[in-house]
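This report describes a predicted model of protein chains with DNA. The sequence and structure are shown first, and the description follows under short headings.

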2 protein chains.
Amino acid sequence: MNSIGVASERSGVGIEAIRYYEREGVVPAADRQANGRRVYDDAAITRLRFVRRCRGLGFSINQVKTLLSLSLSRKENCEDVSRIGHKHLDEVRQKIIDLQMLEGALVELLTNCEGGEARCPLLVRLFED
Amino acid sequence: MNSIGVASERSGVGIEAIRYYEREGVVPAADRQANGRRVYDDAAITRLRFVRRCRGLGFSINQVKTLLSLSLSRKENCEDVSRIGHKHLDEVRQKIIDLQMLEGALVELLTNCEGGEARCPLLVRLFED
DNA sequence: CTTGATCCTGTAGTAACTACAGGATGCATA
DNA sequence: TATGCATCCTGTAGTTACTACAGGATCAAG
């Protein structure tokens, strides 16, 4: 079992952010030792890492909550899971497309740049109509 | 030339966010008509769209500023552009990897779910050590 | 038994918007 | 030409998602 400091280090989520996620119900409240200190097992740390990754990919806290709840749903609300899951899948795929365009543009920029060319492709051109 | 309302609609950036980006120097101040109203050309709208996409991909306002400035740099600071560009390229590629993992997990979740299986793969397992 | 690191709660500050309020201006329509 | 409704302006206040203390308890090494 890990202290909040170790959980922070291993998940990449700041200590204060971990406590914030607990307050906001993004993750379940951590168990406490007799002295009142929080303890985290590997699953809890993985969950924190999941939250961090999702936030870094531009999902809101509410979306992360939804994603976390998706796999906890039971058979009964499978239709809901399907509908919500597909919506998020669409969004994930659009983000991948956007990132791949950005990747391509950055590669071109760096190739030109390192080839000694003064003219750089404008990144903003990326998202023309 | 477009009004701020049209620019908002075409870029997907809210009117108040557009004015906020101007105040913060994320985008250059828009030209004004004689009556004081802002006007936006296609390039300005594309730039706003670029900001929105990047923000949606989890980049901070400062990172977006940096990305916008990358292609405006001159030959002299090509080394800087290269260094900064590579750092961002790494981050873009990591985000793509994360999103592809999330995509795969969502597809699996939905396949099981729609196949009538009660057991759903845990999305949080995604980011185990 | 001290001392420095780590934890606790609680509050205040910051980043990036978002939502008014109050007033001017534009533009279609009677 | 009048009117009325949409859109714009500036400015301030509120929200989300943290981040940074303050002040105090607790742990663990020496």
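## Relation of the two chains

A turn of 180 degrees with a shift of 0.0 Å along the axis lays chain B on chain A, with an RMSD of 0.0 Å; the superposition is by least squares on the C-alpha atoms of residues with pLDDT of at least 70 in both copies. That is the relation of a two-fold axis. The same surface serves both copies, as 100% of the contact residues of chain B recur in chain A, where contact means heavy atoms within 4.5 Å. Among the residues of chain B, B:G58 comes closest to the rotation axis, its C-alpha lying at 2.0 Å.

## Basis of the description

The model is predicted: local features need pLDDT of at least 70, side-chain atom pairs count only at pLDDT 80 or more, and totals for chains, interfaces and linings use all residues. Residues are numbered from 1 along each chain as its sequence is written, chains are lettered from A and ligands numbered from 1 in the order in which they are written, and side-chain values use heavy atoms, with hydrogens and water left out.

## Surface near DNA strand C

DNA strand C is surrounded by 19 residues, of which A:G5, A:R19, A:R37, B:R55 and B:I61 are the closest; a residue is near a strand if one of its heavy atoms lies within 4 Å of it. By class, this surface has 6 nonpolar, 5 polar and 8 charged residues (Ala, Val, Leu, Ile, Met, Phe, Trp, Tyr, Cys and Pro count as nonpolar, Asp, Glu, Lys and Arg as charged, and the others, Gly among them, as polar). At least two residues each come from α1 (4–11) and α2 of chain A and from α2 of chain B, and α2(B) gives the largest share, 4 residues. Helices are DSSP runs (H or I, at least four residues), numbered from the N terminus.

Sugar or phosphate supplies 69% of the atoms of DNA strand C within 4 Å of the protein, and bases supply the rest. A phosphate oxygen of this strand lies 2.4 Å from an N or O atom in the side chain of A:R19. For A:G5, a backbone N or O atom is 2.7 Å from a phosphate oxygen, and for B:Y21 a polar side-chain atom is 3.0 Å from one.

## Surface near DNA strand D

Around DNA strand D there are 18 residues, with A:R55, A:I61, B:G5, B:R19 and B:R37 coming nearest. Of the strand's atoms within 4 Å of the protein, 66% belong to sugar and phosphate. The surface comprises 5 nonpolar, 5 polar and 8 charged residues. Its elements with at least two residues each include α2 (15–23) of chain A as well as α1 (4–11) and α2 (15–23) of chain B.

Side chains from both chains approach phosphate oxygens of DNA strand D. An N or O atom of the A:N35 side chain is 2.8 Å from such an oxygen, a polar side-chain atom of A:R55 lies at 2.8 Å, and one of B:R32 lies at 3.2 Å.

## Aromatic pairs

Over all chains, the count comes to 3 aromatic pairs; ring centres must lie within 6.5 Å, and planes under 30 degrees apart count as stacked, over 60 as edge-to-face and the rest as tilted. A:F127 and B:F50 form a tilted pair, 6.0 Å centre to centre with 40 degrees between the planes. This pair crosses between chains, from the segment after α5 (78–114) of chain A to helix α3 (residues 42–56) of chain B. Both A:F127 and B:F50 are buried (under 20% relative accessible area, with exposed over 50% and partly exposed in between, for a 1.4 Å probe and protein chains only).

The rings of B:Y20 and B:Y21 have centres 6.0 Å apart and planes at 55 degrees, so this pair is also tilted. B:Y20 is partly exposed at 37% relative accessibility, whereas B:Y21 is buried at 10%.

Note on methods: A polar contact is a pair of N or O atoms within 3.5 Å; within protein, one must be able to donate a hydrogen and the other to accept it, and residues adjacent in sequence count only if both atoms are side-chain atoms.
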